[in-house]
Amino acid sequence: MSVYPQHFVDPIINKSLQKEKAHELSHIPIKPALNVSTDSIFYGELKQKFTNYILKEGNSALARELLTKTFEIIKRTQIERLHLAKGDKGSIITDAETLLINAIENTRPLLHLSAIKRGGVKYQVPIPLTEKKSYFLAMKWILEAAREKERKVSLPEKLAWEILDAACGQGRVVKRKDDLHRLCESNRAYAHYRWS
Amino acid sequence: MALRVFGLNIIKNNRNILQNVGKTNGVPTNQGAAAALYATQVTVEAAPAAVQKQKVSKAMKSYLKRANEHDEFMKTQHLEFQIGKRHLANMMGADAETFTQEDINEAISYLFPSGLYDKKARPTMRTPDEVFPARKAAEFDETGRPFHSMFYTAKPNFFQLLHDIVEETNKLNDLEERMLRRGNKPDENQKLETAGFQLLPKEHLERVLVEQIADIEYQNFSNSMERLIASPYAYKSKAFIERFLKPLIDQSKQLEVPKPKIDEQGRQYITTYECLRKTARADVTVRLPGTGKITINGQDISYFSVEQSKEQLLFPLHFCDMLGKVDVEANVEGGGTSGQAGAIRWGIAMSLRSFVDQEMIESMRLAGLLTRDYRRRERKKFGQEGARRKYTWKKR
């Protein structure tokens with residue numbers, strides 16, 4: 001349900017993308033840009049999405065501040081590691097946004113289990129996830145892991161640890177993904193219940 | 001047999017008359033042509049008197065009665081319209097002979113000023129041909145035998161159209177195959193240009209076909225048209241396709257760019273009034289050349305404490321590469337932080353159009369900076385917790 005008529009198209013902010021589509025969009029009205037989108041180099045789509053998931057009760061300023069703090073902690077630890085490392089300094093990534101993206105990619109599940117009732121018995125049937133849903137689950141799991149903390153630790157600290165862990169393929173979130181995959185693997189015999 | 005032929009002749013005559021009418025009206029657009037093509041088969045004409053002596057089926061009889069009634073009705077309506085027009089012309093002190101539809105509209109809005117919001121609800125006076133939509137002519141002869149093979153689909157014109165589209169598509173497919181076998185390629189220069197066009201909307205198509213069609217049927221129409229247009233040899237049936245296309249307005253040239261004025265210090269400036277977003281309202285002045293100074297209600301950019309709002313202000317400036325080259329002054333009232341920032345953002349973007357080239361304006365349009373954001377808070381509904389959220393459902 002949108003205020004704009006159906007033929008309105010989402011705005012494109014990237015100038016090189018604009019050039020590709022300029023001809024076909026010359027006669028089509030465009031929706032206004034959102035109030036979170038900018039063309040600044042600090043803008044990232046996944047980052048924006050993650051901020052929205054951190055958000056509680058519409059306090060977007062706080063959500064943004066928390067993510068910024070997280071990135072600061074990540075950057076500091078990575079720089080420290082870089083200085084302590086002996087040899088092979090090229091493999092240490094210090095860009096926090098890249099680390100966040102890596103962490104999300106590493107924790108993305110491919111399948112999930114859904115209960116399907118056949119002949120009065122509920123079966124746990126493995127079902128493939130859409131891309132959007134799998135990104136959502138990855139981000140949700142990372143946040144859930146970060147929110148499960150002691151009271152003394154702040155959210156940015158815990159979130160930074162989780163992201164750093166997940167970015168190198170370790171930690172609780174990656175384990176959670178692997179567990180789910182293993183469960184799906186063991187229930188593969190029921191896969192056909194999706195159709196029959 | 002003779003009877004049937006006779007009936008057909010009458011219908012044919014009617015067609016000719018109508019076609020001539022269409023020509024004299026001189027409709028230049030291709031939709032006009034499309035309308036004329038279908039209208040020839042469908043509009044009601046005076047009932048053929050000679051037919052009535054022959055043995056006539058019940059359906060034809062009732063049709064003839066209805067057609068006569070309709071004709072009478074339209075005649076009186078036309079008469080009334082002419083008289084009304086003359087009265088209006090007298091009232092306005094104009095010549096009744098040269099009184100056009102535009103003059104009528106003007107006179108009506110002057111004599112019967114209406115505060116009603118919806119334009120459809122305001123008083124109007126138009127020709128009866130427009131007010132009473134065209135009706136179908138007899139689709140069967142005196143014996144009750146339909147002319148059209150798809151008569152019993154109840155929408156013969158529509159299904160004929162679908163049939164025609166598929167026939168065109170098949171023709172093009174055959175052509176493509178033949179050309180492939182010969183090793184020829186479609187002519188790139190002649191490629192059909194559909195970027196500035198849109199398929200006829202549903203209401204328009206209904207008017208052309210003089211038939212009511214369902215949403216799903218319109219979907220079928222647009223799908224098959226798209227398949228036809230997608231063919232590499234679509235330019236071969238250009239005439240057919242263009243009958244069902246409607247030109248779109250060029251969005252990039254829609255809004256006129258205002259000329260900047262000169263202030264006392266010899267700087268160019270543009271003021272945009274009524275920059276609205278949510279409940280905020282702003283007026284924004286942009287001055288060139290400047291040093292990048294931003295003034296909002298007498299304060300600098302720290303008027304906004306939230307980072308996101310500051311970013312919003314800089315978005316159009318940074319996008320046009322004008323950061324530090326212009327001065328911005330804004331007065332805002334109403335609304336909250338993000339609403340105010342949005343209003344100023346729109347104002348800056350609109351004002352900047354005067355200082356950048358056409359290409360950049362189009363780029364800004366594509367980035368969604370020049371579109372007014374009409375979204376408002378959605379109201380809470382009764383029986384629901386909020387705008388969309390429902391109360392928890394408990395069975396008992």
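In this predicted model, A:E57 lies in the loop between α2 (45-54) and α3 of chain A, where helices (H or I, at least four residues) and strands (E, at least two) are DSSP runs numbered from the N terminus. Phi of A:E57 is near 55 degrees, a positive value in a residue other than glycine, and with 7 C-beta neighbours inside 10 Å this residue counts as exposed. A residue is called buried if 20 or more other C-beta atoms, placed from the backbone, lie within 10 Å of its own, exposed if 12 or fewer, and partly exposed in between.

Because the model is predicted, local features need pLDDT of at least 70 and side-chain atom pairs count only at pLDDT 80 or more, while totals for chains, interfaces and linings use all residues. Residues are numbered from 1 along each chain as its sequence is written, and chains are lettered from A, and ligands numbered from 1, in the order in which they are written.

Two further backbone features belong to chain B, and the table sets them beside A:E57. Most residues other than glycine have a negative phi, and most peptide bonds are trans.

| Site | Backbone value | Place |
|---|---|---|
| A:E57 | phi near 55 degrees | loop between α2 and α3 of chain A |
| B:K278 | phi near 50 degrees | loop between β4 (268-277) and β5 of chain B |
| B:L288 and B:P289 | cis peptide bond, omega about -5 degrees | B:P289 in the loop between β5 (280-288) and β6 (294-296) of chain B |

B:K278 is partly exposed, with 19 other C-beta atoms within 10 Å.

Chain A as a whole has 7 helices and 2 strands, which follow the pattern α-α-α-α-β-β-α-α-α along the sequence. Of its 196 residues, 21% count as buried. The radius of gyration of chain A, taken over C-alpha atoms, is 21 Å, whereas a compact globule of 196 residues would have one near 16 Å, by the rule of 2.2 Å times the number of residues to the power 0.38. According to an unreviewed UniProt entry, the annotation "domain: Small ribosomal subunit protein uS7" covers residues 35-188 of chain A; UniProt positions are given in the numbering used here, feature names are shortened, and annotations may be inferred rather than shown by experiment. Over residues 35-188, chain A is 60% helix and 10% strand.

The strands β1 (residues 111-118) and β2 (residues 121-128) of chain A pair in the antiparallel sense over 8 bridges, pairing being assigned if DSSP finds at least two bridges between two strands. They form a hairpin with 2 residues between them, and A:G119 in the turn has a positive phi of about 60 degrees. A:L113 stands opposite A:P126 in β2(A). Of the 8 residues of β1(A), the number buried is 0, so this strand lies largely in the open.

In chain B, an open sheet of 5 strands has the order β3-β4-β5-β7-β6, with mixed pairing. Its edge strands are β3 (261-262) and β6, each pairing on one side only.

Between the chains, 26 residues of chain A are in contact with 29 residues of chain B, contact meaning that C-beta atoms, placed from the backbone, lie within 7 Å. On the side of chain A that touches chain B, the largest share, 6 residues, comes from α1(A).

Definitions and conventions:
Two residues are in contact if their C-beta atoms, placed from the backbone, lie within 7 Å.
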